[in-house]
Amino acid sequence: MRLQIINKKLSKIKADLELIFVVDKDLKHKFIKDEKAFKFANYKGESILLLTEQARLYVPLNKLNFEEFRLSAAKAYNALKTLNVKTVKLNSYLSACGCAKTSFQAFAEGFLLGAYEFNKYKEKKEIYALKDIIFSSEEFNDVKFDAKEARLGLTHGEIIATATNFTKDVVNEIPEIYTPQKMAEEAQNLAKNYPNLSCKIYDEKFLAKEKMNAFLAVNRASVHPPRLIHLIYKPKDAKKRVIFVGKGLTYDSGGLSLKPADYMLTMKADKSGAAAAMGIIKGAAELNLPFEIHAILGATENMIGGNAYKPDDVLISRSGVSIEVRNTDAEGRLVLADCLSYAQDFKPDILIDMATLTGACVVGLGEYTSGIMGNNEELKAEFKAKAAKSGELTTILEFNPHLRELIKSQIADVSNTASSRYGGAITAGLFLDKFIKDEFKDKWMHQDIAGPAYTEKAWGYNKAGATGAGVRMNLYYLCAMAKEL
Ligand code: BES
Ligand code: ZN
Ligand code: ZN
C-alpha cells in the first residue's frame, strides 16, 4: 500500500473514492458535502457512512489528537478493504492539529497497523483492491500546510508501523517453526539487509564458557538448543549507546512447575521481548537514529523432561549471584539475569530490558498497559512522557525495600520467586535489579510487556494475536531523545 501527498487540489485528484473524517461529529464542516444524504440516512457522525453514489466514505474522528488519528485511520482501512476501490483521496485536515509531521505519522501508523493480518495458516487468503491513499496538499481555512513535514511523517509512520508489524510476525509464528535457531536466522537476515547492522550468534558452548548457567538451566529439557543473539546498529558519530535486552522464550510450558493447560495457550508469545528488540533495531536503522543500539536476545524454550532443571536447584549465574529455583515457570528472569550481565560488559548509557515477565503485571495493570520499573525516577518519568505519544500505555511501578525482602533465599543469594503472592511484577523487577551492577543502576529500565504483547481479542488498531508491544514506545522514546541532541 502506498501513502502519498500530491500537490494538487483535492478536486483535481483522480481516485475511486474520497475519504472524509468527521471531526467531533461536526457535520457542518466545510468539507462536508452531503447534508441531504445525511438527513436521509439519519446520520449523526458517530459511525461510518458509505455513500456509494457520491463515492464518499465518512469516518468519525473523535478529536484532533494523535492516538485518535491512529484509531480512525484503522477504522477507515477496515471499511475500505472490502470495497472494490483501488485509490482513495482525502484532504490534509489532519495537519490542523498543529504538528503536520506527527499527525501524518500517526495516520500512517494507524492505517498500516490496522491493515496487519497474520494469515499464513489460512487456506483462503483475502485479496484486497486498495493500493493508494492520496492526500491533497490543498490548504484550507488559512491553515498553512507543511507538505515536507507531512511527507516526513508518512515516511516515519511507515517505518515504525512496518517495524511493529515485523515484530508481530515473529511473535505470531508458531513454536514448532519459531525455534531459537529460527530467531537467530531472522536476526542474521536483518543484519544482511542493513549496512550498519551486524549480528553475532552464540550457541550453548559459548553460554557454558560464559558461565551463563541460569540461561542454560532453562534450556536443558528442550530439544532445541539455545541461542544468544547480539545485533548491533552502529551509525557514524553515535551519540549514546542504548542496549535492549529481550526475553526470547520461543515457548514457555512452565517447565516442571508446569502451567495449567489454559495458561499454556499463547505462550508462543513469550518471545515478545526479543521480537520487540529486533523490531526496534530494524526501525532505528531505517530511521538513521544517531545512537549505537544493541539488541541482546536470550532465545530458548522452557520445557519438561528427565533432564529438566528443578524447583530446589541452585544456579550460579554469570555474575556469580546464586539463585534458588523455587518455580521453574519463573524462567524469564533467569534468562534475563545472564543476558543483562552480558549486556553490561558493553557499557551501555541506557540499558532497557523488555519481557513478558509476569502474569502479575497483567493482573495489576490490565491487558493494555506495560509496567515500567527501575531505580532512576527521572529516567522512568522521561521515558513515560516521551513514549506517551506512541499510543502505547505505560504505568510506572515503584520498587520498595519491603518487597525486596520477599525474594531473599535461605540457601542462595536470591530466590527466583517471591515468598508472597502479592506484588509479583515488582518482585520480578527487583530480582533483575540483583544483576545490575552499581555503575548501571541508574541507567537501567525494566519493561514488563506481558499484558499488551499478545491479545486474544482485537482492540483499537490491534488484531487478535501479537501487537508488537514495546516497538513503538521505545522508537518514540529514541526519536524524542535524538531530537534533543
Ligand atoms: N511468561 C510468563 C508470564 C506471562 C504470563 C506472560 C501471562 C504473559 C501472560 C512467565 O514466565 C511466568 O510464568 N511467570 C510466572 C512467575 C511466577 C511463577 C513467580 C507468573 O507470572 O505466574
Ligand atoms: Zn514462565
Ligand atoms: Zn515466561
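Which residue bridges the zinc ion (ligand 2) and the zinc ion (ligand 3)? In this predicted model, the bridging residue is Asp252, and the two ions lie 3.2 Å apart. Asp252 belongs to strand E9 (residues 241-252), while Asp329 sits in the loop between strand E12 (322-324) and helix H10 (332-344), so this pair ties together parts that are 77 residues apart in sequence.

Let's stay with the zinc ion (ligand 2) for a moment. Its protein donors are Asp252 (OD), Asp329 (O), Asp329 (OD) and Glu331 (OE), found 2.0 to 2.2 Å from the ion. Along the chain, the donors follow the spacing D-x76-D-x1-E. How is the site of the zinc ion (ligand 2) classed, given its six donor atoms? The site is irregular, with angles of 71 to 166 degrees among those donor atoms.

The two aspartates can also be described by their exposure. Asp252 has a relative accessible area of 2%, which is under the 20% cut-off, so Asp252 counts as buried. Asp329, with a relative accessible area of 24%, is partly exposed.

Now turn to a pair of helices. The axes of helix H4 (residues 147-172) and helix H15 (residues 471-483) come within 9 Å and cross at roughly 145 degrees. The crossing of H4 past H15 is right-handed. Which residues meet there? From H4 come Ile160, Ala163, Thr164 and Thr167, and they meet Val471, Arg472, Leu475 and Tyr476 of H15. By character, the residues of this contact divide into five nonpolar, two polar and one charged.

Note on methods
Residues are numbered from 1 along each chain as its sequence is written. Chains are lettered from A and ligands numbered from 1 in the order in which they are written. This is a predicted model: local features need pLDDT of at least 70, side-chain atom pairs count only at pLDDT 80 or more; totals for chains, interfaces and linings use all residues. Side-chain values use heavy atoms; hydrogens and water are left out. Axes are lines fitted to C-alpha atoms, for helices over the stretch in contact, and angles run from 0 to 180 degrees between N-to-C directions. Helices (H or I, at least four residues) and strands (E, at least two) are DSSP runs, numbered from the N terminus. A crossing is left-handed if the near helix is turned anticlockwise from the far one by less than a right angle, and right-handed if clockwise. Contact means heavy atoms within 4.5 Å. Ala, Val, Leu, Ile, Met, Phe, Trp, Tyr, Cys and Pro count as nonpolar, Asp, Glu, Lys and Arg as charged, and the others, Gly among them, as polar. Donors are N, O and S atoms within 2.8 Å of the metal (3.2 Å for Na, K and Ca); water is not among the atoms, so sites may look incomplete. Four donors count as tetrahedral if all angles lie between 85 and 135 degrees; four count as square planar and six as octahedral if opposite donors are over 155 degrees apart and all others between 65 and 115; anything else is irregular. Buried means under 20% relative accessible area, exposed over 50%, partly exposed in between (1.4 Å probe, protein chains only).
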